[in-house]
Amino acid sequence: MPAEGEAGAAPRRSGLKNPEAAVRGLGAGTLALEAIVLLLAIQPIRILGVDLSGWQIGLVIGLAVLAALLAGCMRRRWGWGAGTALQVALLASGLVVHWSLTALGVIFGLAWAYATYVRRSILG
């Protein structure tokens, strides 16, 4: 029997009963947590002395709603790409609303990059 890594070796198995569901759960959980944190971030930004206008609050709420909706769309083929676009939008929103949203964008962007890495390593 050839050793793993040699030509003709059997592909690595993850050991999960349903790896697709596990990966979808990781992506959905990341986006759901992002939605919650975005909603909870509004008040601390206001406490920092930033006078948020209605459209800025609406933008943050819109990003949170979009993250929650995408968490439910992880079965769709385009779900992972849309999640990546959401991370870019969150980074860009820091330029318009407050720098702390850029910090959240970096944090959740790294979490999303890790989830994408796990997806590729489990599903191939």
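Leucine 52 touches Ile42, Ile45, Arg46, Ile57 and Val97, leaving aside residues up to four places away in sequence. In this predicted model, leucine 52 sits in the loop between helix 1 and helix 2. A loop position might invite the guess of an open side chain, but leucine 52 counts as buried because its relative accessibility is 12%, and the cut-off for burial is under 20%. One of its contacts, valine 97, is 45 residues away along the chain, with the two C-alpha atoms separated by 7.6 Å.

Stepping back to the whole fold, the protein chain has four helices and zero strands, and reading along the sequence gives the pattern α-α-α-α. Of the 124 residues in the chain, 32% are buried. Contacts reach well along the sequence: taking those between residues at least 6 apart, 68% join residues at least 24 apart. The chain exposes about 7800 Å², and carbon and sulfur atoms supply 65% of that area.

Helix 4 (residues 99-123) is a good place to look at how the helices meet. Its 25 residues should span 36 Å at 1.5 Å a residue, and the end C-alpha atoms are indeed 36 Å apart, so the expected and modelled spans agree. The buried residues in helix 4 are Ser100, Leu101, Leu104, Gly105, Phe108, Trp112, Ala115, Thr116 and Val118. Together, the buried residues of this helix pack against helix 1, helix 2 and helix 3. Alanine 111, also in helix 4, is partly exposed, with a relative accessible area of 30%. Its C-alpha lies 7.3 Å from that of threonine 30, although the two residues are 81 apart in sequence. Just after helix 4, glycine 124 takes a positive phi of about 85°.

As for aromatic side chains, the structure holds two aromatic pairs. In one of them, the ring centres of tryptophan 80 and tryptophan 112 are 4.9 Å apart and the planes make an angle of 35°, so this pair is tilted. Tryptophan 80 belongs to helix 3 (residues 79-96) and tryptophan 112 to helix 4, so the pair ties together parts of the chain that are 32 residues apart in sequence. Both partners are tucked away from the surface: tryptophan 80 is buried at 7% relative accessible area, and tryptophan 112 is buried at 3%. The rings of tyrosine 114 and tyrosine 117 make up another pair, with centres 6.4 Å apart and planes at 35°, so this one is tilted too. Here the partners share a helix: being three residues apart in helix 4, tyrosine 114 and tyrosine 117 are separated by about one helical turn. An α-helix has 3.6 residues a turn, so residues three or four places apart point the same way. Unlike the buried tryptophans, tyrosine 114 and tyrosine 117 are both exposed.

Out on the surface, Leu39, Ile61, Val65 and Leu69 form a nonpolar patch with about 360 Å² of accessible area together. Helix 2 (residues 54-71) gives the most to this patch, contributing three residues. Leucine 39, by contrast, lies in helix 1 (residues 19-47). With 47% relative accessibility, leucine 39 counts as partly exposed, since that class runs between 20% and 50%.

A couple of further residue pairs fill in the picture. Glutamate 20, another helix 1 residue, is partly exposed with a relative accessible area of 41%. Between glutamate 20 and arginine 75 the separation is 55 residues in sequence and 9.0 Å in space, C-alpha to C-alpha. Alanine 92 lies in helix 3 and is partly exposed as well, with a relative accessible area of 38%. Alanine 92 and threonine 102 are 10 residues apart in sequence, and their C-alpha atoms are 7.0 Å apart.

Definitions and conventions
Residues numbered from 1 in each chain as written. Predicted model: local features only at pLDDT ≥ 70, side-chain atom pairs only at ≥ 80, totals over all residues. Heavy atoms only, no water. Patch = residues over 30% accessible without salt bridge, like charges linked within 9 Å, V, L, I, M, F, W, Y side chains within 5 Å. Areas by Shrake-Rupley, 256 points an atom, 1.4 Å probe, with all protein chains shown as cover. Salt bridge = Lys/Arg side-chain N within 4 Å of Asp/Glu carboxyl O. Helix = DSSP H or I, 4+ residues; strand = E, 2+ residues; numbered from the N terminus. Buried < 20%, exposed > 50% of the residue type's maximum accessible area, 1.4 Å probe, protein only. Contact = heavy atoms within 4.5 Å. Phe/Tyr/Trp six-rings, centres within 6.5 Å; stacked < 30°, edge-to-face > 60°. Expected span 1.5 Å × (residues − 1).
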